[in-house]
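You asked for a colleague's reading of this model before you take it to the bench. My notes are set out as numbered points, each of which can be followed alongside the coordinates.

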Amino acid sequence: PLFTVELLRALQERESIKLDDEGRWTAGPGLEWGTLPARVEGVLEERIARIRPELNEVLEVASVEGRRFTAQVVARVMQVPERQILRELTQELQPRHRLVRERDELQTGCAHLTRYEFAHAPLQRYLYNGLGAGERRLLHREVALALEELYEGRTEEIAGQLARHYEGDADKERYYAQLAGERAAAQYANAEALGYLSRALELTPVSEPLARYALLLDRERVLDLQGERTNQAADLAELRQLSRSTEDAGPSAARRQSEVALRRAAYADAISDYPAAILAAQDAIHLAQAGQDAGREAAGYLQWGRVLCSQADYPGAKARLEQALSLARTAQVPPVEGDSLRNLGLAW
């Protein structure tokens with residue numbers, strides 16, 4: 001209650017929240033949740049002053065990992081025995097001072113990790129904000145290195161955390177942001193995936209067209225699922241340009257161009273621009289043939305057949321879908337084969 005009341009009072013005083021026409025408190029344009037009111041900071045400062053300096057350092061390091069933190073990470077960063085950190089957390093900071101609480105244990109390969117969380121989110125923010133910029137940067141990197149060691153072989157599970165800790169290290173942050181975006185997309189956490197993939201794109205220079213191409217493919221797929229057609233069209237335009245301008249020519253380039261043409265066909269179909277969808281599907285087929293890619297050629301015929309079904313041209317659709325089915329079986333592409341059979345059922 002103390003934290004809630006003081007936060008709301010401070011937000012009212014700064015006019016960060018205001019009453020609407022119906023008498024309800026709503027967020028104002030200057031709302032900043034990260035700024036703590038002085039009275040809460042005073043309470044937190046008083047509580048922290050009661051503990052030993054060694055325990056304060058444990059909490060400061062823990063605050064860098066986040067609201068939830070790992071005892072083994074703190075031990076590695078501070079270069080002290082793991083048992084000492086566990087004793088300080090379980091015998092002093094949790095039962096006596098009530099500043100943290102134990103959450104769970106996790107096994108990663110040969111390591112057993114014990115995870116805790118701060119009793120209050122404002123406490124973690126207060127400790128973190130008390131660190132200098134240089135100290136934060138160094139601690140973030142040390143926390144990241146410790147997490148990489150403890151999650152060796154499973155870093156994709158914490159890729160989002162690692163991207164945050166490696167902020168400022170463009171190569172590392174980009175790598176983990178892409179990994180986190182791909183993992184989030186696979187779990188249909190689309191908003192999270194967009195954030196990570198967009199960040200990875202920001203960190204990828206135009207001098208690396210193939211890397212940008214791969215990221216844009218992932219982001220375009222998420223935008224399609226979300227129905228964000230304007231942004232999807234922009235990504236498709238850049239993908240088309242990249243597929244034509246990359247240094248890698250020959251069959252590989254043709255396959256990339258075929259993939260983009262398939263995406264353009266699906267986009268045009270989604271917005272009911274059927275002539276454009278058919279033209280893009282035909283482009284995909286020709287490019288796939290040039291790239292000797294029977295799978296994408298089958299996908300082109302499948303997309304063409306879908307559009308003809310939407311236009312009620314069932315004889316034409318049946319012919320294209322049968323071509324897709326035959327190619328998919330030859331190339332052993334089960335997803336295209338299954339979709340071709342399903343759409344053939346609609347075309348009869």
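The points below take up three helices, the largest pocket and several single residues.

1. This is a predicted model, and the notes that follow should be read with that in mind.

2. Helix H5 covers residues 82-93, and its 12 residues should span 16 Å at 1.5 Å a residue; the C-alpha atoms at its two ends are 15 Å apart, which agrees with that expectation. Within H5, the buried residues are Ile85, Glu88, Leu89, Glu92 and Leu93. These cover an arc of only 115° around the axis, and this places them on the same side of H5. The face turned away from that buried side carries Arg83 and Gln91, which are exposed.

3. What do the buried residues of H5 pack against? Their partners are helix H3 (53-65), strand S3 (68-70), helix H4 (71-78), strand S4 (100-108) and strand S5 (111-118), a list that holds both helices and strands.

4. The loop between H4 and H5 is where Gln79 is placed. Its phi is positive, near 60°, in a residue other than glycine. Gln79 counts as exposed because its relative accessible area is 72%, and the cut-off for that term is over 50%.

5. In strand S4, one of the elements against which the buried residues of H5 pack, the residue to look at is Arg103. With a relative accessible area of 41%, Arg103 is partly exposed. Once its neighbours within four places in sequence are left aside, Arg103 is in contact with Arg68, Arg115, Tyr116 and Glu117. Ala177, by contrast, is 74 residues from Arg103 in sequence and 26 Å from it in space, C-alpha to C-alpha.

6. Helix H7, residues 133-150, has 18 residues and reaches 26 Å from its first C-alpha to its last, close to the 26 Å expected at 1.5 Å a residue. Its buried residues are Leu139, His140, Val143, Ala144, Ala146, Leu147, Glu148 and Leu150.

7. The loop between helix H9 (170-186) and helix H10 (190-202) holds Tyr188. Although Tyr188 is not a glycine, it has a positive phi of about 60°. The relative accessible area of Tyr188 is 61%, and the residue is therefore exposed.

8. Is Leu215, in helix H11, buried or exposed? At 1% relative accessibility, Leu215 counts as buried. Not counting residues up to four places away in sequence, Leu215 touches Gln178, Leu197, Ala200, Leu201 and Thr204. For Thr204, which is 11 residues from Leu215 along the chain, the separation between the two C-alpha atoms is 9.1 Å.

9. The largest pocket contains about 440 Å³ of space. Its lining is made up of 17 residues, and those nearest its centre are Glu259, Leu262, Arg263, Ala299 and Arg306. Helix H11 (209-226), helix H13 (251-270), helix H15 (294-310) and helix H17 (334-347) are the elements that give two or more residues to this lining. By character, the lining residues divide into 7 nonpolar, 2 polar and 8 charged.

10. Helix H14, residues 274-290, should span 24 Å for its 17 residues at 1.5 Å a residue, and its end C-alpha atoms are indeed 24 Å apart, which agrees. The buried residues of H14 are Ala277, Ile278, Ala280, Ala281, Ala284, Ile285 and Ala288. Seen down the helix axis, these fall within an arc of 165°, so they line one face of H14. On the other side of H14, the exposed residues are Pro275, Leu279, His286 and Ala290.

11. What covers the buried residues of H14? The covering elements include H13 and H15, both of which also give two or more residues to the lining of the largest pocket.

12. Two residues outside H14 complete this part of the note. Ser272 is found in the loop between H13 and H14, and at 46% relative accessibility it counts as partly exposed. Ser272 and Gln311 are 39 residues apart in sequence, with 9.8 Å between their C-alpha atoms. Gln292, which follows H14, has a positive phi, near 55°.

Technical notes:
Residues numbered from 1 in each chain as written. Predicted model: local features only at pLDDT ≥ 70, side-chain atom pairs only at ≥ 80, totals over all residues. Heavy atoms only, no water. Helix = DSSP H or I, 4+ residues; strand = E, 2+ residues; numbered from the N terminus. Expected span 1.5 Å × (residues − 1). Buried < 20%, exposed > 50% of the residue type's maximum accessible area, 1.4 Å probe, protein only. Arc of directions from axis to C-beta. Contact = heavy atoms within 4.5 Å. 1 Å grid on protein atoms, 1.4 Å probe; cavity = no way out; pocket = protein on both sides within 12 Å on 5 of 7 lines; lining within 4 Å. Points joined across faces, edges and corners; volume = space filled by probe spheres on them. Nonpolar A, V, L, I, M, F, W, Y, C, P; charged D, E, K, R; others polar.
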